[in-house]
Amino acid sequence: MGAGAAGAGFGTFADAFGDIFGDIFGAGRQRSNVYRGADLRYNLEISLEDAARGTETRVRIPTMDECTTCSGSGAKPGTQPMTCPTCGGQGQVRMTQGFFSIQQTCPKCHGSGKVVQSPCATCNGAGRVKRQKTLSVKIPAGVDEGDRIRLSGEGEAGVNGGPAGDLYVVIHIRQHEVFSREGNDLHCEMPISITRATLGGEIEIPTLDGYAKIKIPPETQTGKVFRLRAKGIKGVRSNAFGDLLCHVVVETPVNLTPRQKELLQELEEINDRDSGRHNPRAKSWMDRVKEFFAE
């Protein structure tokens, strides 16, 4: 990831022509050998609860940091890098072919303009060393999958005194056992028995803040959705909480006893006597099937 560039209009266009004609006629401006450090990315997985309420955590990241032995110069303590004899400290060399003059990075100093004769033993002349650093990251309440938290200046150290890059912490939300998230709304499946769906009643369902009670009306079908207002998540950029949507799934009983089977068989026989009244959807579907094959 790199830093965004501002003002990429006329100035960039003019600079491009300035570089071209400067290279051709030998009037190019001197390039800076100071470079900004690279941005870093860290993927952080958190729970849905932490995403909803916010949290603070510590992360450990590998980074290239300035060598403290040589203070980033790359030279052995007591010595200093010398000006590159190939490019004269410019960091660039010019190759001329006929009318055209091409400028490229100096192969001796690799663009730094300096060479180290006595390298630092700690960083081997690189001026930077690889380290692990631990940072505290505040996760705001309401973050969602893919959100980024920027820690300014916590990326890799710059080159030749350049500023450090930034660290971007990318949020990934761990799959929840009960809820799924869609924007600021939460969804969950709510299994209920055939008898509860048929006769109705009151049940408890979980929310992120505890339990809530829902009244199930008689003759509730699979697919019915109950909405609990403001029981979802308040997003980072939202002024109000989302909702919790409970999707009813009528569960077919299993491992029945002989008595349960007997009762269900009796119920089925009663339903068959007037299926249009007791099972209207099944009756309507069967009527359509008969009409289809009768054509």
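These exercises walk through a predicted model of one protein chain.

**Exercise 1. The chain as a whole**

Find how many helices and strands the chain has, and what share of its residues is buried.

Solution.
- Start with the elements. The chain holds 6 helices and 15 strands.
- Turn to burial. The chain has 295 residues, and 29% of them count as buried.
- Look at the surface. About 19500 Å² is exposed, and carbon and sulfur atoms supply 50% of that area.
- Finish with contacts. Take those between residues at least 6 apart in sequence: 63% of them join residues at least 24 apart.

**Exercise 2. Cysteines and disulfides**

Work out how many disulfides the structure holds, and why Cys67 and Cys120 are or are not bonded.

Solution.
- Recall the term. A disulfide is a covalent bond between the sulfur atoms of two cysteines.
- Set the cut-off. Two cysteine sulfur atoms must lie within 2.5 Å to count.
- Test Cys67. Its closest cysteine sulfur is in Cys70, at 3.7 Å, which is too far for a bond.
- Test Cys120. The closest cysteine sulfur here belongs to Cys123, at 3.9 Å, again too far for a bond.
- Give the total. The structure has 0 disulfides.
- Add the setting. Cys67 is buried, with a relative accessible area of 0%. Cys120 is buried too, with 1%.

**Exercise 3. Gly74 and its surroundings**

Locate Gly74, decide whether it is buried or exposed, and list what it touches.

Solution.
- Place the residue. Gly74 sits in the loop between strand 2 (55–66) and strand 3 (82–83).
- Check its cover. Buried means under 20% relative accessible area. Gly74 has 0%, so it is buried.
- List its contacts beyond four places in sequence. They are Val116, Ser118, Pro119, Cys120, Cys123, Gly125 and Gly127.
- Compare sequence with space. Gly74 and Asn124 are 50 residues apart along the chain, yet their C-alpha atoms are 7.0 Å apart.

**Exercise 4. Two residues with positive phi**

Find the phi values of Ser71 and Glu219, and say where each residue lies.

Solution.
- Begin with the usual case. Most residues other than glycine have a negative phi.
- Take Ser71. Its phi is near 55°, a positive value in a residue other than glycine. Ser71 belongs to the loop between strand 2 and strand 3.
- Take Glu219. Its phi is near 65°, also positive in a residue other than glycine. Glu219 lies in the loop between strand 13 (210–216) and strand 14 (225–228).
- Check exposure. The cut-off for exposed is over 50%. Ser71 has 53%, so it is exposed. Glu219 has 64%, so it is exposed as well.

**Exercise 5. Polar partners of Asp39**

Identify what the side chain of Asp39 reaches, and at what distances.

Solution.
- Place Asp39. Its loop runs between helix 1 (10–25) and strand 1 (40–46).
- Check its cover. At 10% relative accessibility, Asp39 counts as buried.
- Find a side-chain partner. The Asp39 side chain makes a polar contact of 3.0 Å with the side chain of Arg36.
- Find a backbone partner. The Asp39 side chain also reaches the backbone nitrogen of Asp166, at 2.7 Å.

**Exercise 6. One loop, two residues**

Asp243 and Val236 both lie between strand 14 and strand 15. Determine how exposed each one is and what it touches.

Solution.
- Start with Asp243. It has a relative accessible area of 10%, so it is buried.
- List its contacts beyond four places in sequence. Among them are Asn184, Asp185, Leu186, Arg227 and Lys231.
- Move to Val236. It has 39%, so it is partly exposed.
- List the contacts of Val236 in the same way. They are Ala141, Gly142 and Val143.
- Add a distance. Val236 and Asp147 are 89 residues apart in sequence and 9.9 Å apart, C-alpha to C-alpha.

**Exercise 7. Rings and a charge**

State how many aromatic pairs there are, and which ring Lys224 lies over.

Solution.
- Count the pairs. There are 0 aromatic pairs.
- Look at the charge. Lys224 lies over the face of Phe226, at 5.7 Å from the ring centre.

Terms used. Residues numbered from 1 in each chain as written. Predicted model: local features only at pLDDT ≥ 70, side-chain atom pairs only at ≥ 80, totals over all residues. Heavy atoms only, no water. Helix = DSSP H or I, 4+ residues; strand = E, 2+ residues; numbered from the N terminus. Buried < 20%, exposed > 50% of the residue type's maximum accessible area, 1.4 Å probe, protein only. Contact = heavy atoms within 4.5 Å. Polar contact = N/O pair within 3.5 Å; in protein donor to acceptor, adjacent residues only side chain to side chain. Phe/Tyr/Trp six-rings, centres within 6.5 Å; stacked < 30°, edge-to-face > 60°. Lys NZ or Arg CZ within 6 Å of the ring centre and 35° of its normal. Areas by Shrake-Rupley, 256 points an atom, 1.4 Å probe, with all protein chains shown as cover.
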